[in-house]
Amino acid sequence: MLLNDAKIATMSKGKPYGLIEKGAIRIRDGRISWIGEARNAPSGPRDEIVRELEGRVVTPALIDCHTHIVYGGDRAREFELRLEGATYEEISRAGGGIASTVSATRATSEQALLKNCLPRVDSLIAEGVATIEIKSGYGMDIQTECAMLRAARSIESHRTVRVRTSFLGAHAIPPDYSGREDAYIEKICIPALETAHAEGLVDAVDGFCERIAFAPGQIARLFKRAGELGIPVKLHAEQLSNLGGAKLAARFGAMSADHLEYATDEDAEEMARAGTVAVLLPGAFYTLRETRPPPVEAFRRHGVDIAIATDCNPGSSPLCSLLLAMNMACTLFRMTPEEALAGATRNAARALGLSDSGRIAKGLRADLAIWDIDHPAELAYRIGYNPICERIFEGRCDAC
Ligand code: NIG
Ligand code: FE
């Protein structure tokens, strides 16, 4: 298939958006076999399908690189409590927050976990998302952690989307292990990781390094085991305070450190050295009415790649729109629309260790989004508006 007469945001580095004003893309066997100026396109086979895009914008399909989209129940009541003045941390310490989703998730069957998350997944797909990272972390026992990961993986059998799973057993301290965090890591979290890994369910290991969750030493213990199993790591770090999570992530060569509102210039320096991507989550910043934005300028200065994700979860970020996350990244964090798009494509791919997605270049997967807009800056500009024309997943159009 040849996509002709397109404005292509390749997202390759070098010029803004890696833009080709009047370009063409040839797709073969699910991959991009040629890309360049339309006038230079070599002629293809006689029976080749040629799609005239009449100047529409083509970008890499979007990648949501940080979600907790599989869970039981909801936390609308907690939303009301927060509006009455309670903080996320207070609700969490009183047994609400993540712990309440743990109870609800344990009480939900694997089939129902899948069924409940599909409308949220559909909302992302409708915006041109082709890859979604999904974390466990609302089970916190071996059985439910694995059930969450299996439910996440089974999305691929029900929807045309790629799923990457992260084991987040170190997300919160279950009530029966309160004050015994080390025991939880040894007796539940690491055995759960080993079981999930043996079932082939784990693409990465994640943790929550925070006062209301786990200390750096406990996360280090988990990361060490991940390293022995050959699994890459990532970390929720410096969201509510600075505990040294970003530096720890860098020390373990993490693919990403996520949230980072309380990260420092030094953290950015260490992350740059390690090649750790900064995943920023403006949906959580907005929902929790945070006032301290992550140090975007330090990330730029040190050359840390920045990704943007929804953090879709029932508590701190009930957000099912990556386009809105991009808009929020610009308005709340002062990122540019180009940085926001790179954050949901090229850098999101890096945060997941995917070397064949997130850009439009020869040999990469033909995961593309075609938009009814004149310029790629429009993607982050409008609020509550979805200009998708069509999504192409591994060379196949959703509509054809
Ligand atoms: O990324 N920070 C910790 N974990 C989630 C919150 C999940 C929840 O509140 O249920 C986050 O914001
Ligand atoms: Fe998260």
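How do the residues of the lining of the second largest cavity divide into nonpolar, polar and charged? Keep that in mind; we'll get there at the end of the tour. One thing before you click: this is a predicted model.

**Stop 1: the ligand.** Select ligand 1 and show what surrounds it. There are 15 residues around it, and R75, Y88, Y138, H171 and S316 come nearest. Colour that shell by type and you get four nonpolar, nine polar and two charged residues.

**Stop 2: the polar contacts.** Now bring up the side chains of R75, Y138 and Q239. An N or O atom in the R75 side chain is 2.8 Å from an oxygen atom of ligand 1. For Y138, a polar side-chain atom sits 2.5 Å from a ligand oxygen. Over at Q239, the partner on ligand 1 is a nitrogen atom, 2.8 Å from a polar side-chain atom. Switch on a surface: ligand 1 taken alone exposes 330 Å², and the protein buries 100% of that.

**Stop 3: the largest cavity.** Hide the ligand and look at the space that holds it, since ligand 1 sits in the largest cavity. That space comes to about 90 Å³. Its lining has 13 residues, with H68, Y88, H171, N313 and S316 nearest the centre. By type, the lining is four nonpolar, seven polar and two charged.

**Stop 4: the second largest cavity.** Select P60 to I63, A130, T131, R162, S357 to R359, R365 and D367, which line a cavity of about 50 Å³. The elements giving two or more residues to this lining are β6 (62–64) and β7 (129–135). And the opening question? Five nonpolar, three polar and four charged.

Definitions and conventions: Residues are numbered from 1 along each chain as its sequence is written. Chains are lettered from A and ligands numbered from 1 in the order in which they are written. This is a predicted model: local features need pLDDT of at least 70, side-chain atom pairs count only at pLDDT 80 or more; totals for chains, interfaces and linings use all residues. Side-chain values use heavy atoms; hydrogens and water are left out. A residue is near a molecule or strand if one of its heavy atoms lies within 4 Å of it. A polar contact is a pair of N or O atoms within 3.5 Å; within protein, one must be able to donate a hydrogen and the other to accept it, and residues adjacent in sequence count only if both atoms are side-chain atoms. Accessible areas come from the Shrake-Rupley method with a 1.4 Å probe; for residues, only the protein chains shown count as cover. On a 1 Å grid over the protein atoms alone, a cavity is a set of points where a 1.4 Å probe fits but cannot get out, and a pocket is an open set with protein on both sides within 12 Å along at least five of seven lines; lining residues have an atom within 4 Å of a point. A molecule sits in a cavity or pocket if more than half of its atoms lie within 2 Å of its grid points. Ala, Val, Leu, Ile, Met, Phe, Trp, Tyr, Cys and Pro count as nonpolar, Asp, Glu, Lys and Arg as charged, and the others, Gly among them, as polar. Grid points are joined across faces, edges and corners, and a volume is the space filled by probe spheres set on the points. Helices (H or I, at least four residues) and strands (E, at least two) are DSSP runs, numbered from the N terminus.
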